[in-house]
Amino acid sequence: MHTDLSGLKFTMTVGGLPLDGQSAFDVVNPATGTVIAAAPDCSREQLDQAVSAARQAFSAWARRSVAERQRFLLVMADAIDAHTDLLSHLVTLEQGKPRAVADTEVAGLSYWLRETARMELPETVNQDDAERYSVTRHVPVGVVAAITPWNYPIGQASFKLGPALLAGNTVVLKPSAFTPLANLKLGEILRDVLPAGVLNVITGTGGLGSWVTAHSGVDKISFTGSTQTGRRVMAGAADSLTRITLELGGNDPAIVLPDVDVRTVAPQLFWAAFANTGQICLAIKRLYLHADIYDEMAAELAELARTVVVGDPAREDVQLGPVSNLRQYETVLELLRDSRDDGHTFLAGGLPTAGTPGYFVAPTLIDNPPEDARIVREEQFGPVLPLLKYTDIDDAVARANASEYGLGASVWSADADAAFRVAEQLQAGTVWVNEVMHLHPQVPFGGRKQSGIGVESGLAGLLEFTEPQTLIIKRTV
Ligand code: NDP
């Protein structure tokens, strides 16, 4: 296991070669608040270089057969498996999640690549007779910019890389400046695996995201991040009509029916809300509990919140790490202060003691705040969960749906059919019964309403990285 980063150098990958930034920026460990490494800060000229390397590599990559590109994905997966220790150590240090969770995240990338390598690009024969042959196939878009957030630095890349490359595109990957290190190493690991320019990895602060979005050499933007930034991406893409897929924020409701076994379901709900310190787009963010079980469930959840081990994820016993960066920490604290000032009751957790190092917030449960409270309406993206009481299921469904977001949702019940009938009424891209966050490379996921445009994964997700092209041969002259 690597213990420090002093022997490691972090460079961008452009055209198959290492590239230093024109300057560098600090990367902070959120568990300690200390600087752990310097990452390259990509200049505008270097972005041009990366896009042009991707453009140059495109025609040869697109001409390869799908079978060849499938084989490349498998070799990528093997290369990643050979470096899981380093990658997951970097994820833990820069993002703040426990090592076991980081291991699963990194393993998820090679799994996603292998599963994607089993996929084919479909062709539809529209007409095939004496008069005419007409076929619609799916061709690559060109240079894909993959822009990812900090909550799963490697995991978010895994939803984009395999499908974009399999479809025949080349990629410029731009991770969040809060978590650049694992992605920079990923670029380095894959330098010898992929032809030069097929995958470029750049990092930077300030305007890099908006430069990428508005770059005339980018044909497709696959963006994951907040709804607010998603709007900017869409506006930036408008001039060139650049294709976009947007995976955005969520405020996922869970509705718990009164027939559940509270002791069995409570830990599942707890982890569905607090895993990765609540920083998961598909985490439960509003928990609607039937009045008959409200008190008992609240007590069970509060007990879990009080006993879970929160601390530096470098320690093996730690189950929940810090909030991942200062910006998000301040967002969470602002929501907590708003709740406190509005007189809400904290059943567990609350505002942290000032002056402690690292961005730690104990898992916090808020007792039945009003539906129009900020902590109910806004995406907290941190370890804070409002518990909301309902008596009438139609009222619970209406409240769950009264959101600008529509990413995920869940219904919990001993009666799966009854839960399914409720699930069908929820306005979300994915609705689970008796679980959440189960994703699969062959199953599309995406958001309705302001949670996004388009999907990732599955055939539909693969086709987001293509454009339909119809070829027609007239057989009679
Ligand atoms: P941000 O929107 O702040 O950032 C996402 C990415 O966009 C980062 O790489 C960021 O770079 C970059 N970026 C910033 N400004 C621009 C811009 N003007 N144009 C283009 N790119 C830009 O989101 P967070 O990183 O804070 O991630 C948290 C959000 O992501 C939450 O809302 C969460 O719900 C959502 N999310 C959605 C998921 C989904 O699948 N629907 C999955 C996971 C998270 P930098 O960080 O360097 O500024």
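How far apart do the C-alpha centres of domain 1 and domain 2 lie? In this predicted model, the distance between the two centres is 30 Å. The domain assignment gives domain 1 two segments of the chain, 12–248 and 451–471, while domain 2 covers 253–441.

The next topic is the interface between the domains. On one side, 26 residues of domain 1 take part, and they are in contact with 28 residues of domain 2. Together the two domains bury about 2200 Å² between them, and carbon and sulfur atoms account for 57% of that area. The rule finds 0 salt bridges across this interface. Polar contacts do occur between domain 1 and domain 2: 9 residue pairs are counted, with both residues at pLDDT 80 or more.

Which elements give two or more residues to the side of domain 1 that touches domain 2? They are three helices: H3 (84–95), H4 (99–116) and H8 (227–238). Helix H4 supplies the largest share, with 4 residues. By residue type, this side of domain 1 consists of 11 nonpolar, 10 polar and 5 charged residues.

The model also holds a ligand, and 31 residues surround it. The closest of these are Thr-148, Thr-229, Leu-248, Cys-281 and Glu-379. Leu-248 also has a polar backbone atom 2.7 Å from a nitrogen atom of the ligand. Two further residues approach the ligand through a backbone N or O atom. For Ala-177, that atom lies 2.9 Å from an oxygen atom of the ligand; for Ser-210, it lies 3.5 Å from a nitrogen atom of the ligand.

Key
Residues are numbered from 1 along each chain as its sequence is written. This is a predicted model: local features need pLDDT of at least 70, side-chain atom pairs count only at pLDDT 80 or more; totals for chains, interfaces and linings use all residues. Side-chain values use heavy atoms; hydrogens and water are left out. Domain bounds come from an automatic or database domain assignment. Contact means heavy atoms within 4.5 Å. Buried area is the accessible area (1.4 Å probe) that two parts lose on being put together, summed over both. A salt bridge is a side-chain nitrogen of Lys or Arg within 4 Å of a carboxyl oxygen of Asp or Glu. A polar contact is a pair of N or O atoms within 3.5 Å; within protein, one must be able to donate a hydrogen and the other to accept it, and residues adjacent in sequence count only if both atoms are side-chain atoms. Ala, Val, Leu, Ile, Met, Phe, Trp, Tyr, Cys and Pro count as nonpolar, Asp, Glu, Lys and Arg as charged, and the others, Gly among them, as polar. A residue is near a molecule or strand if one of its heavy atoms lies within 4 Å of it.
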